[in-house]
Amino acid sequence: MYLAVMALVFAASGAWAKDPVVEVKTNMGSFAIELYPDKAPKTVENFLRYAQSSFYDGTIFHRVIGGFMIQGGGFDSAMRQKATRSPIANEAGDALKKGLRNELGTIAMARTPNPHSATAQFFINVKDNPFLDFRDSTSEGYGYAVFGRVVGGMDVVLRISRVPTATRGAFQNVPASAVTIESVTLKSARN
């Protein structure tokens with residue numbers, strides 16, 4: 001199945017033919033994200049592998065901070081973290097050089113304080129967050145790799161960003177009522 005997805009988005013030369021678009025269906029509505037493999041190839045490939053394997057189905061937006069971002073893709077509704085593949089290299093610096101910044105509506109990889117620890121979790125910026133962009137190669141300055149942008153349904157993203165939240169065990173900013181990702185599906189590739 002993975003190869004079928006890659007066949008849709010790779011040209012015969014091995015370069016990306018078009019920017020793939022995925023639909024993220026949630027219990028609060030759907031939104032579309034255009035991915036930029038020419039600017040963050042490893043990050044896009046990683047995200048599509050998780051999407052194609054249905055990894056995101058049933059995960060939640062587990063961290064929602066209004067006026068900042070919504071984060072999901074790693075926990076189920078019981079706040080159990082899903083097992084992931086190995087972390088990927090952080091492409092924040094290269095993506096920034098190619099024009100991708102942590103701006104309103106962009107999607108970026110979440111990570112721990114280790115710059116190269118991103119696996120499946122991602123976040124969507126609900127305002128411009130330039131302090132999350134690459135500044136230097138230190139752990140504090142490495143930034144968060146942007147790899148796409150919401151191109152439809154931003155109203156759904158903003159609605160999610162305004163849900164009431166609470167502390168749940170060791171986790172803060174957890175939606176009081178679960179915001180569930182029902183599916184992440186490759187829909188098309190734009191010219």
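**Group meeting: one chain, residue by residue**

Let's start with histidine 62, which sits in strand E3, residues 61-65. One caveat up front: this is a predicted model.

So, histidine 62. Is it buried or exposed? It counts as buried because its relative accessible area is 5%, under the 20% cut-off. What does it touch, once residues up to four places away in sequence are left out? The list is Gln71, Gly72, Phe75, Met79, Gln121, Gln172, Asn173, Val174 and Pro175. Look also at threonine 165. Histidine 62 and threonine 165 are 103 residues apart along the chain, yet their C-alpha atoms are separated by 9.5 Å.

Two of those contacts, Met79 and Asn173, deserve a stop of their own. Take methionine 79. Its phi is positive, about 65°, although the residue is not a glycine. Where is it? In the loop between strand E4 (69-72) and helix H3 (92-97). Methionine 79 is buried too, at 11% relative accessibility.

Now asparagine 173. Here again phi is positive, about 60°, and again the residue is not a glycine. But asparagine 173 belongs to a strand, E9, residues 171-175. Its relative accessible area is 26%, so it falls in the partly exposed class.

Let me step back to the whole chain. How many helices and strands are there? Four helices and 10 strands. In sequence order they read α-β-β-α-β-β-α-β-β-β-α-β-β-β. The chain has 191 residues, and 48% of them count as buried. Exposed area comes to about 8800 Å², with carbon and sulfur atoms supplying 52%. For contacts, take those with a sequence separation of 6 or more. Residues 24 or more positions apart account for 69% of them.

Next, some examples from the strands. Alanine 32 is in strand E2, residues 29-35. Beyond its neighbours within four places, alanine 32 contacts two stretches: Val21, Val22 and Glu23, and then Arg149, Val150, Val151 and Gly152. How far is alanine 32 from arginine 149? Their C-alpha atoms are 8.4 Å apart, with their positions 117 residues apart along the chain.

Strand E1, residues 19-26, holds proline 20. Proline 20 is buried, with a relative accessible area of 0%. Isoleucine 33 is 13 residues from proline 20 in sequence and 8.3 Å from it in space, C-alpha to C-alpha.

Serine 183 is in strand E10, residues 181-190. Which residues does serine 183 touch, again leaving out those up to four places away? Glu23, Val24, Lys25 and Asp57. Serine 183 is classed as buried because its relative accessibility, 17%, is under 20%. Note Glu23, which touches serine 183 and also turns up in the contacts of alanine 32.

On to threonine 106, in strand E5, residues 106-109. Threonine 106 is buried, at 1% relative accessible area. What does its polar side chain reach? The backbone oxygen of glutamate 103, at 2.7 Å. The backbone oxygen of arginine 101 lies 3.4 Å from a polar atom of the threonine 106 side chain. Outside four places in sequence, threonine 106 touches Arg101, Phe123, Ile124, Asn125, Val146, Gly148 and Arg149. Arg149 is on that list, and it is also a contact of alanine 32.

Last topic: empty space. How many cavities of 30 Å³ or more does a search of the whole structure find? One. The largest cavity has a volume of about 70 Å³. Its lining has 14 residues, and Asn90, Met109, Pro115, Ala118 and Ala145 lie nearest the centre. By class, that lining is eight nonpolar, four polar and two charged.

And the largest pocket? About 320 Å³ of space. It is lined by 16 residues; nearest its centre are Gln71, Ala110, Arg111, Thr112 and Tyr144. The pocket lining divides into eight nonpolar, six polar and two charged residues. Gln71 takes us back to the start. It lines the pocket, and it touches histidine 62.

Note on methods:
Residues numbered from 1 in each chain as written. Predicted model: local features only at pLDDT ≥ 70, side-chain atom pairs only at ≥ 80, totals over all residues. Heavy atoms only, no water. 1 Å grid on protein atoms, 1.4 Å probe; cavity = no way out; pocket = protein on both sides within 12 Å on 5 of 7 lines; lining within 4 Å. Points joined across faces, edges and corners; volume = space filled by probe spheres on them. Nonpolar A, V, L, I, M, F, W, Y, C, P; charged D, E, K, R; others polar. Helix = DSSP H or I, 4+ residues; strand = E, 2+ residues; numbered from the N terminus. Buried < 20%, exposed > 50% of the residue type's maximum accessible area, 1.4 Å probe, protein only. Polar contact = N/O pair within 3.5 Å; in protein donor to acceptor, adjacent residues only side chain to side chain. Contact = heavy atoms within 4.5 Å. Areas by Shrake-Rupley, 256 points an atom, 1.4 Å probe, with all protein chains shown as cover.
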